[in-house]
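Here is an informal walk through a protein model. Have the sequence and the coordinates open while you read.

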Amino acid sequence: KLLSPFGGCLALLLLSLCNVCYAEGEEGKEEAVNVLLFMFFGIGVGVIFMQCLNLIGDPVPYTVVVFIAGILFSLSNKDGTGVFGESVAIWINIDPELLLFVFLPPLIFGEAMGLNWYHAKGAILQATVLAGPGVIVGALLMGCFVKGMIPAWSWYLSMTFGAITSATDPVAVVALLKSAGASPKLTMIIVGESLLNDGTAMVLFTVFNNLLNGETYTGGSVILFFLKACVGSCLVGVAIGLITVRWLRTANRPLSDMDVLVQTAITICSAYVTFFLTQKTLEISGVLGCCGAGIMLAWLAPPVILSHETLHNVWGTAEWVLNTLIFLLAGLIIGNRVFSKARIVEWVFLFVLYIMLMIIRCFVIAMCFPVISKIGHKCTWQEAVFMAWGGLRGALGMALALITYRNGPPEMEAETSEMFFYVGGIAAITLVVNATTANSLLIKLNLLSNDSAEKQIVMASIQKKLLKHMRKALQELAQEFHFNEKELDEVRQSVSLLSDVNIKDVMAAVELHKEQKMQRKMSITKMPDRYDPLQRVPLSEAAMNPLHAGGDNSPTSSGVDIHTIPSARRSSRPPTSNSDHGTPIYGAIAEDEDIYGHSPFDVIEMLEAGHNTRAGAGGGRSRGSSNADVMHRRLSMSGRGPMAAVTPQLLAYVRSTFLSMVRVHYWHDIEQGKLPRKSKSGKFLLYSVEVGLDEATMESGARDWVCVEGKLDSSSFEMKALAFWEEHMPEHWFFSYPSRYLNKLECNREERTVYILTSFIAAHENAQNKIHGYLRIDDEEEDHPEQTSPEELKVIAESKLAVTIARRRLENINPETVAAIRTKQAAALILTKQAEAVKDMVHEGLLTPKDAEEIIENINKDMQGIDHKRNRMYREHGDSSSRRRKALRKLDEIRSPGSLLSNADL
């Protein structure tokens with residue numbers, strides 16, 4: 001389980017080593033490209049932490065862990081030497097405005113675009129009350145308190161601090177609510193307030209920061225600027241949102257992947273253009289502008305979007321990357337500029353300010369509660385308590401404090417630096433304390449009713465529906481895999497949902513289904529099982545081919561089976577082999593293999609005989625016919641018998657189409673779980689299809705099987721080296737690890753062989769059933785939809801020959817191993833179907849995403865149980881494999897020329 005985190009730690013160790021080496025050899029050198037190193041380092045650290053948190057059950061929010069990691073890393077890397085130290089220094093000294101313009105637009109716009117319009121419409125009035133009067137009152141109270149506690153600060157600086165701390169950070173709040181799983185109504189109120197009060201606070205910050213830097217305002221100009229920034233930003237955002245929706249409608253081809261890409265790019269472009277236009281060009285609120293544009297898309301764009309899944313995945317990935325980087329960067333900045341340079345008295349003031357901030361937040365919520373409890377979604381007192389506690393501060397406040405520190409008056413550098421310490425410290429405390437305890441508070445306030453009786457009834461009903469679907473899937477797999485009772489019970493034990501299923505009832509249902517199927521067959525008039533094109537050859541073709549003439553020279557006319565005739569042609573036929581690999585593809589086929597009632601060799605040779613006869617006859621082309629008419633007659637089924645001349649170009653096209661069907665089946669097996677994603681079998685089967693497509697024009701077919709067979713017969717250099725080690729090293733426990741590893745590799749190869757062969761056989765048989773009638777061209781051919789062209793017939797014959805070899809190779813593998821792998825494969829299929837059923841229930845609204853995650857977690861545990869069984873099977877089979885290799889070596893020693901034992905003794 002910890003392999004991936006340990007791999008990430010090893011990568012970080014190597015990075016540190018490279019950093020030291022660079023510092024020793026290139027000290028003092030700074031390059032602009034070094035800025036990329038920290039970005040990808042941060043993404044890697046985020047992946048490691050996310051994997052570790054998933055393993056231990058997410059006890060704390062992910063963003064809190066990344067934030068703390070940034071602080072610790074900053075404290076441990078004070079020197080900042082080497083290429084990585086230079087990269088960190090560049091990010092720590094980042095321009096705060098650049099930080100806002102890079103990180104905020106996609107985070108704000110993406111969250112607004114994903115709002116539920118019904119909940120957003122119900123929460124807009126409540127969010128406006130909290131973001132308008134609430135922010136103004138909170139900023140004024142906090143500014144007055146700071147001025148009284150720190151008299152050295154000016155009023156403008158105190159009010160600037162109040163404006164920065166009065167608004168909750170939308171980035172931190174959204175991350176908290178997603179991890180906590182709060183109700184949609186509560187989430188919408190808090191997120192809406194965070195988005196709007198952030199814009200209001202930035203307007204207040206702009207006013208007081210300008211006053212701090214010497215600008216003057218009158219009362220009327222302040223009100224005018226406030227209205228222009230708040231109302232104007234929203235109107236500009238709404239206008240851009242409407243233009244974006246109109247633009248999205250121009251890319252509306254449902255089957256065009258390009259239009260899906262275009263729509264995604266349009267939304268990203270809209271986010272940054274809106275923020276830049278409102279914040280930089282018009283000098284109003286970019287946050288409110290992004291909110292307005294995003295809400296317009298949330299209202300009008302859903303029917304226009306071609307692929308909601310693609311858009312969700314792209315924006316989800318972007319938000320995760322930006323969240324990871326911004327919280328890691330926030331930890332770096334706080335650790336570098338706050339914790340390492342603070343005095344004890346400042347630490348005391350910091351905790352006092354945090355307590356006072358929470359008191360003011362509670363007062364503002366209580367002041368607004370009589371209004372927000374009667375409008376919109378009607379907020380309850382429990383939700384109001386959580387809103388007061390869940391108001392987090394984060395990277396946005398630190399960016400505003402950095403702007404004040406960088407652009408403030410030079411004579412107030414000490415005060416602005418102290419203000420940055422308090423802002424960063426408050427952000428750190430709210431993230432570490434409030435965010436960590438938010439989930440427990442939700443449960444305490446009964447806002448997460450995890451154990452309610454209603455939820456248990458609903459989940460029990462969901463489990464019954466899933467059990468019904470999975471029982472049916474188990475029955476279908478029992479028929480498909482031909483399991484006996486013991487093997488079916490092993491499948492049942494691997495799926496926890498099927499633990500109470502009676503295997504005897506399932507087997508009885510399978511037998512009943514077989515009987516009903518046989519009765520339906522008996523009730524239908526006896527018809528040929530499949531179309532035999534070789535028995536419908538026209539008379540002229542039959543005269544050319546004595547095997548179907550039906551006369552005295554015909555083997556079939558005398559009642560003799562064609563398969564019992566000794567064929568001199570078979571024995572004299574040169575072996576067909578791969579010019580690249582030298583492996584014959586037909587040499588291992590017996591004479592009694594059946595295809596369309598005839599030997600595959602007969603099918604291929606009769607097709608070749610018809611081709612040669614027609615070629616010798618000159619093709620029958622009339623003098624006045626055009627090339628197009630001749631080509632149409634050659635491709636037309638009405639003018640060609642199944643034994644007509646095979647067109648090489650058309651044969652190559654049919655082979656390519658056949659292999660394309662095979663490739664689709666391989667991908668289907670990978671998605672269903674028949675081919676494990678961790679195994680190399682799926683990758684190699686897809687590679688073999690590419691080889692077959694590249695060699696489709698060759699005379700011999702089934703080139704994908706030639707590639708597969710070569711892979712199955714080969715041994716890796718690693719296995720050869722380990723076998724050499726085992727053979728020449730003494731049998732001692734110190735040297736036993738290579739032998740155990742060789743056992744594991746052999747078991748892996750055997751398992752991979754089973755996966756490859758079973759999927760190859762299923763894919764080819766599926767393609768054989770679908771390729772019939774692929775080349776019907778004339779309208780009159782619709783009267784015979786089952787008619788098969790000679791090209792199709794030859795491709796099917798080549799495929800059946802390859803399938804026969806694959807079946808024989810599969811029969812040579814230990815049946816117990818095959819059964820164990822097939823039961824594991826069936827269990828993985830059932831679990832995959834269960835996961836798909838859960839996702840369908842989420843799409844249909846029967847399950848919430850939070851409840852679905854719990855079921856998916858149980859499915860993942862069952863998957864891990866299958867892996868444990870697989871490892872146990874490796875150990876058991878590995879021991880027997882090791883004993884077999886030792887016995888063979890002993891036997892070789894005994895059979896050596898110097899042995900005294902006779903052949904009889906052997």
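What follows goes from the whole chain to salt bridges, aromatic pairs, two buried residues and a surface patch.

**The chain as a whole**

Keep in mind that this is a predicted model. The chain has 32 helices and zero strands. Of its 906 residues, 48% are buried. Contacts reach a long way along the sequence: among those with a separation of 6 or more, 80% are between residues 24 or more positions apart. The accessible surface comes to about 45,600 Å², and carbon and sulfur atoms account for 60% of that.

UniProt has something to add here: an unreviewed entry lists residues 467-494 as "coiled-coil region". In the model that stretch is 89% helix and 0% strand, and its end C-alpha atoms sit 14 Å apart.

**Salt bridges**

Side chains of opposite charge can pair when their charged atoms come close. A search of the whole structure turns up twelve salt bridges. Three of them are set out below.

| Salt bridge | N to O distance |
|---|---|
| E193 and R361 | 2.7 Å |
| R809 and D713 | 2.7 Å |
| E765 and R807 | 2.3 Å |

Take E193 and R361, whose side chains meet at 2.7 Å, N to O. This pair links distant parts of the chain, with E193 in helix α9 (residues 184-212) and R361 in helix α14 (residues 344-372), 168 residues apart. Are these two partners buried or exposed? Both E193 and R361 are buried.

Now look at R809 and D713, also joined by a salt bridge at 2.7 Å. R809 lies in helix α30 (residues 790-811) and D713 in helix α27 (residues 703-713), so the pair ties together parts that are 96 residues apart in sequence. R809 is partly exposed, at 22% relative accessibility.

Helix α30 comes up again with E765 and R807, where the closest N and O atoms are 2.3 Å apart. That bridge links E765 in helix α29 (residues 736-770) with R807 in helix α30, 42 residues along the chain. E765 is partly exposed, with a relative accessible area of 29%, and R807 counts as partly exposed too, at 38%. As for R809 and D713, they belong to a network with E709, joined by salt bridges that share partners.

**Aromatic rings**

A pair of aromatic rings is described by the distance of the centres and the angle of the planes. The whole structure holds 16 aromatic pairs. One of them is Y62 with W320, which is stacked at 6.1 Å centre to centre, with 20° between the planes. Because Y62 lies in helix α3 and W320 in helix α13 (residues 308-339), the pair ties together parts that are 258 residues apart in sequence. Y62 counts as buried, with 16% relative accessibility.

How is the pair of Y217 and F225 arranged? The ring centres are 6.5 Å apart and the planes meet at 45°, so this pair is tilted. Y217 is partly exposed, with a relative accessible area of 25%, whereas F225 is buried at 14%.

There is also an aromatic cluster, made up of W153, F161, W347, F421 and Y422.

**Two buried residues**

W153 leads on to S158, since S158 touches W153 as well as G143, V146 and K147, leaving aside residues up to four places away in sequence. S158 is in helix α7 (residues 155-166). Why does S158 count as buried? Its relative accessible area is 0%, and the cut-off for buried is under 20%.

L288, in helix α12 (residues 286-300), is buried as well, with 4% relative accessibility. Setting aside residues up to four places away in sequence, L288 touches L195, L196, G199, A229, C230, S233 and C234. Its C-alpha atom is 9.6 Å from that of M202, 86 residues away along the chain.

**A nonpolar patch on the surface**

Finally, go to the outside. I68, L72, L75, V432 and V433 make a nonpolar surface patch of about 360 Å². Helices α3 (62-76) and α17 (413-444) each supply at least two of its residues. Which helix gives the most to the patch? That is α3, with three residues. One of the patch residues, I68, sits in helix α3 and is partly exposed, with a relative accessible area of 33%.

Terms used: Residues are numbered from 1 along each chain as its sequence is written. This is a predicted model: local features need pLDDT of at least 70, side-chain atom pairs count only at pLDDT 80 or more; totals for chains, interfaces and linings use all residues. Side-chain values use heavy atoms; hydrogens and water are left out. Patches are made of residues with over 30% relative accessible area and no salt bridge: like charges are joined within 9 Å, nonpolar side chains (Val, Leu, Ile, Met, Phe, Trp, Tyr) within 5 Å. Accessible areas come from the Shrake-Rupley method with a 1.4 Å probe; for residues, only the protein chains shown count as cover. A salt bridge is a side-chain nitrogen of Lys or Arg within 4 Å of a carboxyl oxygen of Asp or Glu. Helices (H or I, at least four residues) and strands (E, at least two) are DSSP runs, numbered from the N terminus. Buried means under 20% relative accessible area, exposed over 50%, partly exposed in between (1.4 Å probe, protein chains only). UniProt positions are given in the numbering used here, feature names are shortened, and annotations may be inferred rather than shown by experiment. Contact means heavy atoms within 4.5 Å. Rings of Phe, Tyr and Trp (its six-membered ring) pair if their centres lie within 6.5 Å; planes under 30 degrees apart count as stacked, over 60 as edge-to-face and the rest as tilted.
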